[in-house]
Amino acid sequence: VQLVESGGGMVQPGGSLRLSCVASGFTFSRYDMAWVRQTPGKGPEWVSLIDTGGGWTGYADSVKGRFTMSRNNAKNTLYLQMNNLQPEDTALYYCAREGSPSTGWGRYDYWGQGTQVTVSS
């Protein structure tokens with residue numbers, strides 16, 4: 001199983017970025033997927049979740065209305081469109097597979113290496 005994120009970078013407040021996560025080594029369309037972010041000294045923060053078909057998405061209150069998660073099962077790719085970015089969105093963003101029956105963070109059994117998003121003027 002491999003998850004590879006890309007698309008991070010530095011952007012000014014109010015700007016936009018689109019993150020991608022390419023999955024391999026498993027049947028991508030059979031798993032719910034998530035985006036999670038982390039800043040140094042803080043625990044991980046769940047950002048968004050999408051179901052297997054892409055018909056349902058959920059978002060943290062902190063990003064609702066600004067971020068949009070989607071997926072293309074034919075391309076084994078996950079996306080996170082981030083608009084109106086703010087300094088508090090600065091973090092390392094990970095995609096994660098929800099593949100375990102465990103609760104909490106344990107339900108995410110595979111993670112990518114992360115892509116850095118920095119929002120600064």
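1. The core. In this predicted model, the largest nonpolar core holds 26 residues, and the members that touch the most others are Trp35, Phe67, Met69, Leu78, Leu80, Met82 and Tyr93. If you want to see where the core comes from, the elements giving two or more residues to it are β3 (17-24), β4, β5 (45-50), β7, β8, β9 and β11. The biggest giver is β3, with four residues. Keep Trp35, Met69 and Leu80 in mind, since they turn up again below as bridge partners.

2. The open sheet. Four strands make an open sheet, ordered β1-β3-β8-β7, with antiparallel pairing. At the edges sit β1 (2-6) and β7, each of which pairs on one side only. On average, neighbouring strands here are turned by 15 degrees against each other, if you ignore direction. As a reminder, strands of a sheet pair through backbone hydrogen bonds, either parallel or antiparallel.

3. The β7/β8 pair. Zooming in on one side of that sheet, β7 and β8 run antiparallel and are joined by six bridges. Which residue of β8 is the bridge partner of Met69? It's Leu80. Both Met69 and Leu80 are also among the core residues that touch the most other members, so to speak of the pair is to speak of the core as well.

4. Strand β9. This one spans residues 91-98, and six of its eight residues are buried, so the strand is largely enclosed by the rest of the structure. It has several pairing partners, taken one by one here. With β4 (residues 32-38), β9 pairs in the antiparallel sense over seven bridges; look for Trp35 standing opposite Cys95. With β11 (residues 115-119), the pairing is antiparallel over three bridges, and Leu92 has Gln116 as its bridge partner there. With β10 (residues 108-111), it is again antiparallel over three bridges, with Ala96 partnered by Trp111. Trp35 is worth a second look, as it is also one of the core residues with the most contacts to other members.

5. Salt bridges, part one. Searching the whole structure turns up six salt bridges. One of them joins Arg37 and Glu45, with the closest N and O atoms 2.8 Å apart. The two ends differ in exposure: Arg37 counts as buried because its relative accessibility is 5%, below the 20% cut-off, while Glu45, at 30%, counts as partly exposed.

6. Salt bridges, part two. Arg66 and Asp89 form another salt bridge, and here the closest N and O atoms are 2.7 Å apart. This pair links distant parts of the chain, 23 residues apart: Arg66 belongs to the loop between β6 (57-59) and β7 (67-72), and Asp89 to the loop between β8 (77-82) and β9. Are these two buried or exposed? Arg66 is buried, with a relative accessible area of 14%, and Asp89 also counts as buried, at 1%.

7. Salt bridges, part three. Glu98 forms a salt bridge with Arg107, where the closest N and O atoms are 3.5 Å apart. Glu98 counts as partly exposed at 23% relative accessibility, and Arg107 is partly exposed too, with a relative accessible area of 26%. As for the pairs in the two previous points, salt bridges that share partners join Arg37, Glu45, Arg66 and Asp89 into one network.

8. Two backbone oddities. If you're going through the torsions, stop at Asn76 and Asn84. Asn76 has a positive phi of about 55 degrees although it is not a glycine. You'll find Asn76 in the loop between β7 and β8, and it is partly exposed, with a relative accessible area of 27%. Asn84 likewise shows a positive phi, about 50 degrees, without being a glycine. Its place is the loop between β8 and β9, and at 39% relative accessible area Asn84 is partly exposed. That loop is also home to Asp89, the salt-bridge partner of Arg66.

How values were computed
Residues numbered from 1 in each chain as written. Predicted model: local features only at pLDDT ≥ 70, side-chain atom pairs only at ≥ 80, totals over all residues. Heavy atoms only, no water. Buried < 20%, exposed > 50% of the residue type's maximum accessible area, 1.4 Å probe, protein only. Pairing = 2+ DSSP bridges. Salt bridge = Lys/Arg side-chain N within 4 Å of Asp/Glu carboxyl O. Core = buried A, V, L, I, M, F, W, Y, C linked by side-chain atoms within 4.5 Å. Axes fitted to C-alpha atoms, helices over the stretch in contact; angles between N-to-C directions.
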